[in-house]
Structure formats: C-alpha cells, structure tokens
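This report goes through one protein model by region. The sequence and structure come first, and the notes follow.

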Amino acid sequence: MTSTSASGSSVAIILLILCLVRTSQAIWLTLPTSGTKCVSEEIQNNVVVLADYVVIPDDHSHSPTIAAKVTSPYGNNLHQKENSTHGQFAFTTQEAGNYLACFWVDGNNPGGGGVSVNLDWKTGIAAKDWESVARKEKIEGLELELRKLEGAVEAIHENLLYLKGRESDMRDVSERTNARVAWFSMMSLAVCIIVSTLQLWHLKSFFLKKKLI
C-alpha cells in the first residue's frame, strides 16, 4: 500500500511540474479591417520558439488572407509572410527580451469584417518534439515522462538564473540611479550655498558702500 501511494504521489508531482512549466498557449485574435494586432512574450536567450497560425473564416465560401511579421527585441525580422491563410515560424532566440508577432488583413477580405486568427505559440520545453525523442531513444510511458520532467527542471533552473540576472541588472540600475540622485542633490546643495554666500557678500558690500553699516 505504501509503495503504491508513493508511486502515485511521484506521478502526481511529475504531472504538476509539467503543467507549471508548460509554455504552450493558443491565442485567438480578431483582426480589424484596418490596423495591426500584435502579441508579445518576454523570452530569454537560447530558447526554441515554435508557432502555427491559421485564419478561421466566418464564411466558408471565401477565406480572407492576412500578413504576418515576427521581430526580435532588437528589431530583427524573424518571419514575414503575406497573402496567406496559414503559416508557421520557428527559431531559436539569440537575444533576451520581448519577441513580437504582428498580424494584419492584407486587403483580400471580400467579407469586409474582422478576421479571426488562431495562434498556437510554444516556447522552450513545449516546443520540443517529444515523439521524435521517444522514437530515437526508444522510451515510452513513465520513462518518457521522466525525460520531460528532466527537461522541465532544466527549464525552471534556466528561468531562475534568467530572473536572478534580471534582478541583478535592475538592482545595478537602481543603485546607479540612486548614486546619481545623491550626487545631483549634493551639487544642488553646494550651488545653493555658493549662491547664498555670494548674495550675502554682495549685500554686505552694498551696505558698506552706502555706509549703512
């Protein structure tokens, strides 16, 4: 009984961790007839990103086309496609920051209304092809789940290191800002003292010149 309970607890823990690190999300977008709609995600360096998008037509007699563009935090073009009803992009991040995916109706919209788009966005462990891993290494069942758990733990560790680095950068910026504010305050105080001293000296000279004192 104890062994069965421990095994069940282990499986539950595995499933819980996999759910917590699952970075796959399906997003529904409604594109206006004019204008652009974008989604973004902050992703760290050296992370695999895989996404599929498809137009969901309201009227099956015609299918409007859209344009899509994906850019990196530094503005590099990672994916661009026009006059399409579906598409896919995949890349490994080279920069840490916000990755932006923008969609817009490119003009071929006979219906004239909004266009619905389904975006399936996967990053990190969720973008890994576990079926290929299972076939290549000939693993399945609990062993495969353990491999997923290992990947999940690595992803958590990398995220923690990334957050720790971001916290350190923000702390450095805060300390530099505080140092500059303190230096500016001291300079302002010194200028005020100098100006006050000069004013007193000028008033004293003026009163002496007028023989008022």
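## The loop between S2 and S3

Gln44 sits in the loop between S2 and S3. The model is a predicted one, and in it Gln44 has a relative accessibility of 10%, which counts as buried. Apart from neighbours within four places in sequence, Gln44 makes contact with Thr93, Glu95, Ala96, Glu158, Asn159 and Tyr162. Of these partners, Tyr162 is one of the buried residues of H3.

Asn46 is placed in that loop between S2 and S3 as well. Its phi is positive, about 60°, although Asn46 is not a glycine. Is Asn46 buried or exposed? With a relative accessible area of 59%, Asn46 is exposed, since the cut-off for that class is over 50%.

## Overall make-up

The protein contains 3 helices and 8 strands. Along the sequence these elements follow the order α-β-β-β-β-β-β-β-β-α-α. The protein has 213 residues, and buried residues account for 27% of them.

Contacts between residues at least 6 apart in sequence include 74% that join residues at least 24 apart. The exposed area of the protein is about 14,500 Å². Carbon and sulfur atoms supply 58% of that area.

## Aromatic pairs and cluster

The number of aromatic pairs is 5. One of them is formed by Tyr53 and Phe103: the ring centres are 5.3 Å apart and the planes stand at 65°, so this pair is edge-to-face, the class for angles over 60 degrees. The pair links distant parts of the chain, with Tyr53 in strand S3 (residues 48-56) and Phe103 in strand S7 (residues 97-105). Tyr53 and Phe103 are separated by 50 residues in sequence, and their C-alpha atoms are 9.9 Å apart in space. Both Tyr53 and Phe103 are buried, and the relative accessible area of Tyr53 is 1%.

Phe91 and Tyr99 make up another aromatic pair, with 5.7 Å from centre to centre and 25° between the planes. How is this pair of Phe91 and Tyr99 arranged, stacked or edge-to-face? The pair is stacked, because planes under 30 degrees apart fall in that class. Phe91 and Tyr99 are both buried. The two pairs belong to one aromatic cluster, formed by Tyr53, Phe89, Phe91, Tyr99, Phe103 and Trp121.

## The S4-S5 hairpin

Strand S4 (residues 66-71) and strand S5 (residues 77-84) run antiparallel and are joined by 5 bridges. Across the two strands, Val70 stands opposite His79 in S5. S4 and S5 form a hairpin in which 5 residues lie between the strands. In the turn, Gly75 has a positive phi of about 90°.

Strand S5 also holds Asn83. Which sign does the phi of Asn83 have, positive or negative? The phi of Asn83 is positive, near 50°, in a residue other than glycine. Asn83 is exposed, with a relative accessible area of 57%.

## Helix H3 and the salt bridge

Helix H3 covers residues 141-209. How do the 69 residues of H3 compare with the span they should have at 1.5 Å a residue? The expected span is 102 Å, and the C-alpha atoms at the two ends are 101 Å apart, which agrees. Buried residues in H3 are Leu144, Leu149, Gly151, Ala152, Ala155 and Tyr162. An α-helix has 3.6 residues a turn, so residues three or four places apart point the same way.

A search of the whole structure gives 1 salt bridge. It joins Glu42 and Arg166, with 2.0 Å between the closest N and O atoms. Glu42 is in strand S2 (residues 37-43) and Arg166 is in helix H3, so this pair ties together parts of the chain 124 residues apart in sequence. Glu42 is partly exposed, at a relative accessible area of 41%. Arg166 is also partly exposed, at 33% relative accessibility.

Notes:
Residues numbered from 1 in each chain as written. Predicted model: local features only at pLDDT ≥ 70, side-chain atom pairs only at ≥ 80, totals over all residues. Heavy atoms only, no water. Phe/Tyr/Trp six-rings, centres within 6.5 Å; stacked < 30°, edge-to-face > 60°. Helix = DSSP H or I, 4+ residues; strand = E, 2+ residues; numbered from the N terminus. Buried < 20%, exposed > 50% of the residue type's maximum accessible area, 1.4 Å probe, protein only. Pairing = 2+ DSSP bridges. Salt bridge = Lys/Arg side-chain N within 4 Å of Asp/Glu carboxyl O. Expected span 1.5 Å × (residues − 1). Contact = heavy atoms within 4.5 Å. Areas by Shrake-Rupley, 256 points an atom, 1.4 Å probe, with all protein chains shown as cover.
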